[in-house]
Amino acid sequence: MVIIFKRVLKDFSLPMIYASALLCVIYALPQLKLKGAAELCFAFLLPLFAVYFNLKSFKRGAAAGFSVFAADLIFFALSGIHFSIVFSAVAAVVTVYGFKRLRFEYAAACVFLLSCTVSLALGTVYPYMYLILKEFTPFLAARGALFGAFNNFYSLFVSDSLSELVYHTSYSKAVLTESGIKSGVMNSLGSRDAAQLLAGKYFVNISLTAGAFAALYKKVGGRERTALISVCALALVFGDVRLLGLYLILYNPALYIAYLPAAFLSYLTASLLDLRIGFKENGSLIELFKYGEKWGYFIISAFVIGVLTYFLFRLVFSKFEINRGRYYPKSVRRILSALGGEDNIERIEKGVLYVRNPNLIDVLRLDCEIEQNRVTLFPDELGVLSDYFSV
């Protein structure tokens, strides 16, 4: 299953860029908003591009995308929710494996039947799982910081149903205004637990996103950097952090594991400062300017959380760096070692390799010419590296 080990983030970068752009349009134009629009985008785009980039066949990619898309609709008809973004990514991996091993006709039929069978099974089981989950809702709702971190994980791997259940059942209420009756979570700010859930989400969407962006920006390039900018912009402006969560998992799963306690800290900070900021949708930057209060507390806290996230991610890089979530072939690892490691490579641009510290290059193991931070390699060795480090 090549996609798991080789250039996995690059394979998913383009669909994340397209999905981010499409979701920004949907969120910006309420008349286009459709429940489950994000999940439908993920279910179609991720398998399509994963197969296309691995097998260089748009026909196979389109067949994979439509198969998972159809399975998602079946699952929605049975359960009332769509596939999660992580589930769609896993489905993309399976479709790559199927189309790689079988002829197109057999692969298309097998992937479609397997997708529909899995969606039927999950759709049948999910209502019973939801009843069990509902029993734990009061426990989670009374512990806002714990719920916030758990919900971040749940929405990425399962669905948004948990947040809807807590926000709109435990904390939603109706209020009478001059223009009529209004209801929704933005009106439920009397409870400290509710304030913790609502205001904490702004720290998650803004502070954690800014910290993650600062930590990752210089470590990626090309399409990966564009994808990082896209998913962070979506999180900041419209409050949807699921694509950012997927990006962190694909880059290095340890980053997402570190992201969860940072989310817990965000909700806990909102509770300790008793910040009470409502939101109608996802707690975006736009809504912050509309409903924000205690700006001094918020700005200082947001800055501190963002800086802590940045250094937390840098610590993960130093302890759990796994080559950007990719597997490098032996020939690439040999060249990287002689060049002083992956972190020493800045970029390959227009056939020229740039390094950060030329003194780290082992000239006895690598036949090359060095001029300041520019390195001239044999075309074969440069070609091997270009697939991974070109801008």
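**A covered helix and its surroundings in a predicted model**

At a relative accessibility of 67%, Gln372 counts as exposed. This residue sits in the loop that links strand 5 (369–371) with strand 6 (374–376). Its backbone deserves a look, too: phi of Gln372 is near 55°, a positive value in a residue other than glycine. As background, most residues other than glycine have a negative phi.

Stepping back to the whole chain, it helps to recall that the model is a predicted one. Its secondary structure comes to 16 helices and six strands. The protein chain has 391 residues, and buried residues make up 50% of them. Among contacts with a separation of 6 or more, 68% are accounted for by residues 24 or more positions apart.

Confidence varies along the chain. The mean pLDDT is 78, and 80% of the residues reach 70 or more. In residues 1–6 the pLDDT is below 50, and this stretch has 18 contacts in the model beyond near neighbours in sequence. Residues 172–192 also have a pLDDT below 50, with 41 contacts in the model counted beyond near neighbours in sequence. A word of caution fits here: where pLDDT is low, the predicted coordinates should not be read in detail.

Helix 11 makes a good place to look into the interior. This helix is mostly covered, with nine of its 10 residues buried. The buried set consists of Arg242, Leu243, Leu244, Gly245, Leu246, Tyr247, Leu248, Leu250 and Tyr251.

The charged member of that set, Arg242, invites a closer view. Arg242 lies in helix 11 and has a relative accessible area of 10%, which is why it counts as buried. Its side chain makes a polar contact with the side chain of Asp240, at 2.9 Å. Not counting residues up to four places away in sequence, Arg242 touches Tyr27, Ala38, Glu39, Ile85, Ser155, Leu156 and Asp160.

Leu156 also appears among the contacts of Ser84, together with Phe157 and Val158, once neighbours within four places in sequence are left aside. Ser84 is found in the loop between helix 4 (58–79) and helix 5 (85–101). Its relative accessibility is 5%, so Ser84 counts as buried. The side chain of Ser84 reaches two backbone atoms: the nitrogen of Phe87 at 3.1 Å and the oxygen of Phe157 at 2.8 Å.

The remaining topic is how helix 11 packs with helix 12. Two packed helices are described by the angle between their axes and the distance between the axes. Here, the axes of helix 11 (residues 242–251) and helix 12 (residues 253–272) come within 5 Å and cross at roughly 135°. Helix 11 and helix 12 are therefore oblique to each other; an angle would have to be over 145 degrees to count as roughly antiparallel. On the helix 11 side, the contact involves Leu244, Gly245, Leu248, Ile249 and Tyr251, which meet Pro253, Leu255, Tyr256 and Tyr259 of helix 12. By type, the residues of this contact divide into eight nonpolar, one polar and no charged. Of the helix 11 residues taking part, Leu244, Gly245, Leu248 and Tyr251 belong to the buried group.

Methods:
Residues numbered from 1 in each chain as written. Heavy atoms only, no water. Axes fitted to C-alpha atoms, helices over the stretch in contact; angles between N-to-C directions. Helix = DSSP H or I, 4+ residues; strand = E, 2+ residues; numbered from the N terminus. Parallel < 35°, antiparallel > 145°, perpendicular 65-115°, else oblique. Contact = heavy atoms within 4.5 Å. pLDDT = per-residue confidence, 0-100. Buried < 20%, exposed > 50% of the residue type's maximum accessible area, 1.4 Å probe, protein only. Polar contact = N/O pair within 3.5 Å; in protein donor to acceptor, adjacent residues only side chain to side chain.
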